[in-house]
Amino acid sequence: MTPPFESIAAAIAGHSSFLIVAHVGPDGDAIGSGLALRMALEALGKKAEFVSTDGVPFGCRFTPGWETVKTTPSQVAECVFILDCSGEPNRVAAPFTFIERAKFKVMIDHHRTSTPIFNVNWIDPDQPATAMMIFELLQVLPQHGLDVEITADIAENLLCGLSTDTGHFRFPNTTPAALHAAAEMVKLGADPAITAFRLFDERTLGATRLLGLALQKMHSECEGQLTWSALTMADFESTAVGDEGSENAVNFLRSVRGARFSVILRERRDETGPVARISVRAEPELRADLFCKQFGGGGHAAASGCRMRYIPFEAAIEKTIVAAREWLAGGAQAAIEDSDASQI
Ligand SMILES: [Mn+2]
């Protein structure tokens, strides 16, 4: 699709207060995109807040301005930007009433499962990251009379987003355009070494121990095609780490030779009570996004997530792993045909 730069520029020019939101359980693309856009709006003299109800994950706490991310909006803004997110109430990391009450809503997203439900919708599943879309937007804004400079801080936030979603330029979505954009960001002052280390390598002592538990408890099934593990509340307590200590554990399960579909379940608690947080990594053909969509989640073909509530953790494990076995046995193919049919 042709990016609706004109409409987005008009939305920026025509409003004075902005709320920026992304998805729950934010990653580097959600945080980096939100911070970059907020900095650009502020440079244009606008009032702008970036809100993330789940805060900022530890790995992103190097991005310029991360400590200014709010967990709740201070007021209803005239215009809302929904970034890296389908915009559905259970996916948006802000109280939904603040979205509903804004006069104008703009969505910028690269998730295949998102649908155009706002005033302006720029959805492009071919884009490797939402941060890449924000980068393109900021580059063309001056042509629409909005003179904004991409500072070193903005560039660092954008690289955080692009690096996160391309696995630091290792996933198949690492397009020539992504590499060119990254080169530009580095030229503008972003640091690729710190970005990679903070996002992908560094972990606390407790998190390293928790990773050890996840690997020790790993199951391998379906002739090694399915690897999975489950971390209980007791595991989190014994290592004294929170959610963030386990964000990347699922990637280790997917790195096992022969594994095509990997799942980690985490027994956590949030404002509604106990919750099973489920992360999936898969060969893209196995469409992890459609797998998670069955349970109200979303994401990408290779990396997705969902949450289960109101059932015991053991039951959530059973439900997820039974579904994963079926998915490998042909359920994925059926779901893909189904979704292709519904798109025609
Ligand atoms: Mn993203």
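**Notebook: two sheets, two domains**

I started with a helix pair: the axes of helix 2 and helix 4 (residues 130–140) come within 8 Å and cross at roughly 20°. This is a predicted model, so I am reading computed geometry throughout. Two packed helices are described by the angle between their axes and the distance between the axes, and I had both. Angles under 35 degrees count as roughly parallel, so helix 2 and helix 4 are roughly parallel to each other. I also looked up the hand of the crossing, and for helix 2 and helix 4 it is left-handed.

Next, which residues of helix 2 meet helix 4? I found Asp29, Gly32, Ser33, Ala36, Leu37 and Ala40 on the helix 2 side. Across from them, helix 4 brings Thr130, Ala131, Ile134 and Leu138. I sorted this contact by class and got 6 nonpolar, 3 polar and 1 charged residues.

**Entry: the parallel sheet**

I then traced an open sheet of 5 strands, whose order is 2-1-3-4-5 and whose pairing is parallel. Where are the edges? They are strand 2 (47–51) and strand 5 (120–123), each pairing on one side only. From one strand to the next, I noted an average twist of 15°.

I went through the pairs one at a time. Strand 1 (residues 17–21) pairs with strand 3 (residues 79–83) in the parallel sense, over 4 bridges. Here Phe18 has Cys79 of strand 3 as its bridge partner. Cys79 turned up again on the next pair, where its bridge partner in strand 4 is Phe104. Strand 3 and strand 4 are joined in the parallel sense by 5 bridges. Moving on, strand 4 and strand 5 pair over 4 bridges, also parallel. There I found Met107 opposite Asn121 in strand 5. For my own reference, strands of a sheet pair through backbone hydrogen bonds, either parallel or antiparallel.

**Entry: helices on that sheet**

I went back to strand 1 and strand 3, which pair over 4 bridges, and looked for helices packed on their sheet. Helix 2 (residues 28–43) packs on the sheet and touches strand 1, strand 2 and strand 3. The direction of helix 2 makes about 170° with that of strand 2. Helix 1 (residues 5–14) packs on the sheet as well, touching strand 3, strand 4 (104–109) and strand 5. For helix 1, I noted an angle of about 130° with the direction of strand 5.

**Entry: the mixed sheet**

I found another open sheet, of 6 strands, in the order 6-7-8-9-11-10 and with mixed pairing. What are its edge strands? They are strand 6 (219–221) and strand 10 (298–299), and each pairs on one side only. I checked one pair inside this order: strand 7 (residues 226–231) and strand 8 (residues 261–270) run parallel and are joined by 6 bridges. Ala230 stands opposite Leu265 in strand 8.

**Entry: the domains**

Last, I looked at how the chain is divided. Domain 1 covers 5–200 and domain 2 covers 205–342. Taken over C-alpha atoms, their centres are 26 Å apart. How many residues of each domain are in contact with the other? I got 12 from domain 1 and 10 from domain 2. On the side of domain 1 that touches domain 2, I listed 4 nonpolar, 6 polar and 2 charged residues.

Key:
Residues numbered from 1 in each chain as written. Predicted model: local features only at pLDDT ≥ 70, side-chain atom pairs only at ≥ 80, totals over all residues. Domains from an automatic or database assignment. Contact = placed C-beta atoms within 7 Å. Nonpolar A, V, L, I, M, F, W, Y, C, P; charged D, E, K, R; others polar. Pairing = 2+ DSSP bridges. Helix = DSSP H or I, 4+ residues; strand = E, 2+ residues; numbered from the N terminus. Axes fitted to C-alpha atoms, helices over the stretch in contact; angles between N-to-C directions. Parallel < 35°, antiparallel > 145°, perpendicular 65-115°, else oblique. Left-handed = near helix turned anticlockwise from the far one by under 90°.
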